[in-house]
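Welcome, and thank you for opening the viewer. Load the model, switch on a cartoon view, and keep the selection tool within reach. The stops below say what to select next and what is there.

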Amino acid sequence: MSKLDQILILDPPSDLKFKGPFTDVVTTNLKLRNPSDRRVCFKVKTTAPRRYCVRPNSGVIDPGSSVNISVMLQPFEYDPNEKSKHKFMVQTIFAPPNVTDMESLWKDAKPDDLMDSKLRCVFELPSENDKVNDVEATRAAPVMNSVKAESSAAAVPIAAGADDAEMKKVVEKCKRLQAEMNKLSEENRQLKDEGLRMRKMPRSDHMTPNSTSLLGREASAASLPSLLVVIAAIFIGFFIGKFIL
């Protein structure tokens with residue numbers, strides 16, 4: 001009986017590429033997709049188990065589903081003249097119904113029931129252009145952060161200066177309104193005094209035009225302060241509210 005073809009679709013299909021520098025852990029991803037209508041068990045093996053960490057390294061993939069595997073290469077001293085001989089193998093088998101003991105499944109599996117795919121490890125160092133771009137990005141980051149910080153710092157005094165100027169305008173307008181109110185109050189007081197003197201004088205059936213005008217001014221003056229107070233309060237409240245908001 002011939003060996004079964006791999007049922008899973010691997011991405012990448014043949015090479016696992018690791019891009020240096022290799023002074024830190026380098027991770028690449030392997031995607032396994034199950035296009036069949038049956039559950040498939042998988043297991044990932046390598047010829048250099050001490051150099052790699054694989055998560056997950058085994059499991060079950062449902063029909064139509066996929067799984068992403070992280071392959072982490074441990075730090076090492078890279079020699080460009082040394083060719084990589086590391087390899088990976090993805091071994092699979094159709095899952096029997098109600099499988100629970102995965103270890104026994106693999107141990108008792110018949111060779112004819114196993115499917116496998118092999119992948120080669122490829123190590124790549126960053127090109128000179130990549131290095132230049134990384135250096136420029138590293139240098140540009142502090143500059144951009146500094147510019148942002150300076151812009152933010154400069155915005156605070158400008159905003160504070162604008163608030164101070166607005167406050168001065170409000171204070172000046174309040175002072176002018178207060179002066180006008182004081183002036184009108186003084187005129188109103190004088191009109192009231194004049195009106196009292198007119199009332200004390202003997203009444204006449206024939207009032208002169210001057211006396212009629214004076215009484216009209218007195219009546220108007222009586223309602224003038226309350227109206228001015230309301231207008232002034234609205235005006236001051238508007239400007240103070242604008243400044244606070």
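Helices (H or I, at least four residues) and strands (E, at least two) are DSSP runs, numbered from the N terminus. With that in hand, colour the chain by secondary structure: it has 3 helices and 9 strands. Read along the sequence, their pattern is β-β-β-β-β-β-β-β-α-β-α-α.

Before going further, note that this is a predicted model, in which local features need pLDDT of at least 70 and side-chain atom pairs count only at pLDDT 80 or more, while totals for chains, interfaces and linings use all residues. Residues are numbered from 1 along each chain as its sequence is written, and side-chain values use heavy atoms, with hydrogens and water left out.

**Stop 1: buried or exposed**

Buried means under 20% relative accessible area, exposed over 50%, and partly exposed in between, using a 1.4 Å probe and protein chains only. Of the 245 residues in the protein chain, 24% count as buried.

**Stop 2: the aromatic rings**

Now show the side chains of Phe and Tyr. Rings of Phe, Tyr and Trp (its six-membered ring) pair if their centres lie within 6.5 Å; planes under 30 degrees apart count as stacked, over 60 as edge-to-face and the rest as tilted. How many aromatic pairs does the structure hold? There are 9 aromatic pairs. Select Tyr52 and Phe88 to see an edge-to-face pair, with 5.0 Å from centre to centre and 80 degrees between the planes. This pair links distant parts of the chain, since Tyr52 is in strand β5 (residues 52-55) and Phe88 is in strand β8 (residues 87-94), 36 residues apart. Tyr52 is buried, with a relative accessible area of 7%, and Phe88 is buried too, at 3%.

Widen the selection to Phe18, Phe22, Tyr52, Phe76, Tyr78, Phe88 and Phe123, and you have one aromatic cluster.

Next, add two arginines. A charge sits over a ring if NZ of Lys or CZ of Arg is within 6 Å of the ring centre and within 35 degrees of the ring normal. Arg51 lies over the face of Phe76, at 4.6 Å from the ring centre. Arg38 lies over the face of Phe94, at 4.1 Å from the ring centre.

**Stop 3: a pocket**

Keep Arg51 and Phe76 selected, for both help to line the second largest pocket. A pocket is found on a 1 Å grid over the protein atoms alone: an open set of points where a 1.4 Å probe fits, with protein on both sides within 12 Å along at least five of seven lines, and lining residues have an atom within 4 Å of a point. Grid points are joined across faces, edges and corners, and a volume is the space filled by probe spheres set on the points. The volume of this second largest pocket is about 170 Å³. Other residues to select in its lining include Tyr78, Asp79, Ser84, Lys85, His86 and Phe123. By class, the lining has 3 nonpolar, 2 polar and 6 charged residues. Here Ala, Val, Leu, Ile, Met, Phe, Trp, Tyr, Cys and Pro count as nonpolar, Asp, Glu, Lys and Arg as charged, and the others, Gly among them, as polar.

Two of the lining residues deserve a click. Ser84 is in the loop between β7 and β8 and counts as partly exposed, at 26% relative accessibility. Its C-alpha atom is separated by 6.7 Å from that of Val122, 38 residues away along the chain. Lys85 belongs to the loop between β7 (66-73) and β8. Is Lys85 buried or exposed? Lys85 is exposed, with a relative accessible area of 73%.

**Stop 4: polar contacts**

A polar contact is a pair of N or O atoms within 3.5 Å; within protein, one must be able to donate a hydrogen and the other to accept it, and residues adjacent in sequence count only if both atoms are side-chain atoms. Select Asn34, in the loop between β3 (26-33) and β4 (40-46). Asn34 is buried, with a relative accessible area of 0%. Its side chain makes a polar contact with the side chain of Ser36 (2.6 Å) and reaches the backbone oxygen of Asp62 at 3.3 Å.

**Stop 5: two cis peptide bonds**

Finish on the backbone. The peptide bond from Gly20 to Pro21 is cis, with omega near 5 degrees. Another cis peptide bond joins Arg55 and Pro56, where omega is about -10 degrees.
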